[in-house]
Amino acid sequence: MELGLVGLGKMGGNMRERIRRAGHTVIGYDRNPDLADVHSLGELVGKLKGPRVVWVMVPAGAPTQATVDELAGLLEPGDVVVDGGNSRWTDDEKHAEELGAKGIGFVDAGVSGGVWGLQNGYALMVGGDAENIAKVQPVFDALKPEGEFGFVHAGKVGAGHFSKMVHNGIEYAMMQAYAEGWELLEKVDSVTDVREVFRSWQEGTVIRSWLLDLAVNALDGDEHLDKLKGYAEDSGEGRWTVEAAIDNAVPLPAITASLFARFASRQEDSPQMKMVAALRNQFGGHAVETK
């Protein structure tokens, strides 16, 4: 089949290649002309035969909204837009309504796989009407990993990105657990080879995972992570997960704590810890460190 793909960065570029390897035609557009097959969205739409499928892989928020707005004026009834970026699920409902008013279908696709997706495939969580998903199914089949799993029609519009959001929230908590365990192992004198302890967990343990494999890869490149600064950004989906938990009265203590740990990483001299140290000194006479 033919696919228009908007956004050819680290994810989009690899996705274009994987879809082409499966025998499909992909026409890609990116603001960087060195990456693009065409020079505009109008040219991209003009090169596709109807009914068209256009997959959007641009940053969430205003960039996605602007792209959807432009496509709404270019596409025709029966065409389908897929948002495969990290949009918030509430935006999906708005985009589906905007496009649906013109007879254009909309599918939201949560995509997991990162820079390894070209080689291993991408896990796909999609939301939307079955009729629209069917039009995109050959592309989903090309992108997903080999085997039985890796693709799910999660529900109606918004379900794909909501599922991916929860996936990322779980990822936050898992990474935090590995990080805390690693720091504790590094701290004690009795454990003399932390990297090999992590490696030993890769087989036969209940905590083995792809994230653990990646942790070992990182330690192989920098055994004590001396080259890194203890600073971690958050993509936004961790925040949205916690907000959704509050809206639905669902307790998420581990995921919430892992998000707050990201915030703590950005403080070289934590104001909160200053207050904790001051209080410990006041009530217990505990020593404080001064600048």
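A residue is termed buried when its relative accessible area is under 20%, exposed when that area is over 50%, and partly exposed in between. Glutamate 196, at 32% relative accessibility, is therefore classed as partly exposed. This residue belongs to helix H8, which spans residues 194-200, and in the predicted model described here its C-alpha atom is 48 Å from that of glutamate 93, the two residues being 103 positions apart in sequence.

The protein comprises 12 helices and 7 strands, and its C-alpha atoms fill a box of roughly 75 × 40 × 35 Å along the principal axes. Of its 291 residues, 39% count as buried. When contacts between residues at least 6 apart in sequence are considered, 64% of them join residues at least 24 apart. The exposed surface amounts to about 16,000 Å², of which carbon and sulfur atoms supply 55%. Charged side chains number 28 positive and 43 negative, and the centres of these two sets lie 2 Å apart.

Two buried residues, leucine 44 and tyrosine 29, are in contact with each other. Leucine 44 is found in helix H2 and counts as buried because its relative accessibility is 0%. Apart from residues up to four places away in sequence, leucine 44 touches Gly4, Leu5, Val6, Ile27, Gly28, Tyr29, Val38 and Val54. Its C-alpha atom is 15 Å from that of valine 82, a residue 38 positions away in sequence. Tyrosine 29 is placed in strand E2, residues 25-29, and is likewise buried, with a relative accessible area of 17%. The contacts of tyrosine 29, with neighbours within four places in sequence left aside, include Leu5, Val6, Gly7, Leu8, Val38 and Leu41. The C-alpha atoms of tyrosine 29 and leucine 41 are separated by 6.8 Å, although the two residues are 12 apart along the chain.

A charged residue, arginine 18 of helix H1 (residues 10-21), is also buried, yet it has no salt bridge; the nearest side chain of opposite charge, that of glutamate 146, is 5.8 Å away. A salt bridge requires a side-chain nitrogen of Lys or Arg within 4 Å of a carboxyl oxygen of Asp or Glu. Beyond neighbours within four places in sequence, arginine 18 is in contact with Gly117, Leu118, Gln119, Asn120, Gly121 and Tyr122, and also with Ala142, Leu143, Lys144 and Pro145.

Across the whole structure, 15 salt bridges are found. In one of them, the side chains of aspartate 37 and arginine 20 meet at an N to O distance of 2.9 Å. Aspartate 37 lies in the loop between E2 and H2 whereas arginine 20 is in helix H1, so this pair ties together parts that are 17 residues apart in sequence. Both partners are partly exposed, aspartate 37 at 36% relative accessibility and arginine 20 at 33%. A salt bridge of 2.6 Å, N to O, is also formed by arginine 199 and aspartate 220. Because arginine 199 lies in helix H8 and aspartate 220 in helix H9, the pair ties together parts that are 21 residues apart in sequence. Arginine 199 has a relative accessible area of 28%, and aspartate 220 one of 40%, and each is classed as partly exposed. Glutamate 268 forms a salt bridge with lysine 229, the closest N and O atoms being 3.2 Å apart. This pair links the loop between H11 and helix H12 (271-284), which holds glutamate 268, to the loop between H9 and H10, which holds lysine 229, over 39 residues of sequence. Glutamate 268 and lysine 229 are both exposed. Salt bridges with shared partners also join Arg195, Glu196, Arg199, Asp220 and Glu223 into one network.

Nonpolar side chains contribute to the surface as well, with Val115, Trp116 and Trp210 making a patch of about 320 Å². Tryptophan 116, in the loop between strand E5 (105-112) and helix H5 (117-120), is partly exposed at 35% relative accessibility.

Backbone geometry was also examined. Most residues other than glycine have a negative phi, and most peptide bonds are trans. Glycine 50 and proline 51 are joined by a cis peptide bond with omega about -10 degrees, and proline 51 lies in the loop between helix H2 (41-47) and strand E3 (53-56). Leucine 225 has a positive phi of about 55 degrees; it is found in the loop between helix H9 (210-221) and helix H10 (237-247) and is partly exposed, with a relative accessible area of 25%. Alanine 249 has a positive phi near 55 degrees and is located in the loop between H10 and helix H11 (253-264), where it is exposed, with a relative accessible area of 70%.

Technical notes:
Residues numbered from 1 in each chain as written. Predicted model: local features only at pLDDT ≥ 70, side-chain atom pairs only at ≥ 80, totals over all residues. Heavy atoms only, no water. Helix = DSSP H or I, 4+ residues; strand = E, 2+ residues; numbered from the N terminus. Buried < 20%, exposed > 50% of the residue type's maximum accessible area, 1.4 Å probe, protein only. Contact = heavy atoms within 4.5 Å. Areas by Shrake-Rupley, 256 points an atom, 1.4 Å probe, with all protein chains shown as cover. Lys, Arg positive; Asp, Glu negative; His and termini not counted. Charge placed at Lys NZ, Arg CZ, Asp CG, Glu CD. Patch = residues over 30% accessible without salt bridge, like charges linked within 9 Å, V, L, I, M, F, W, Y side chains within 5 Å.
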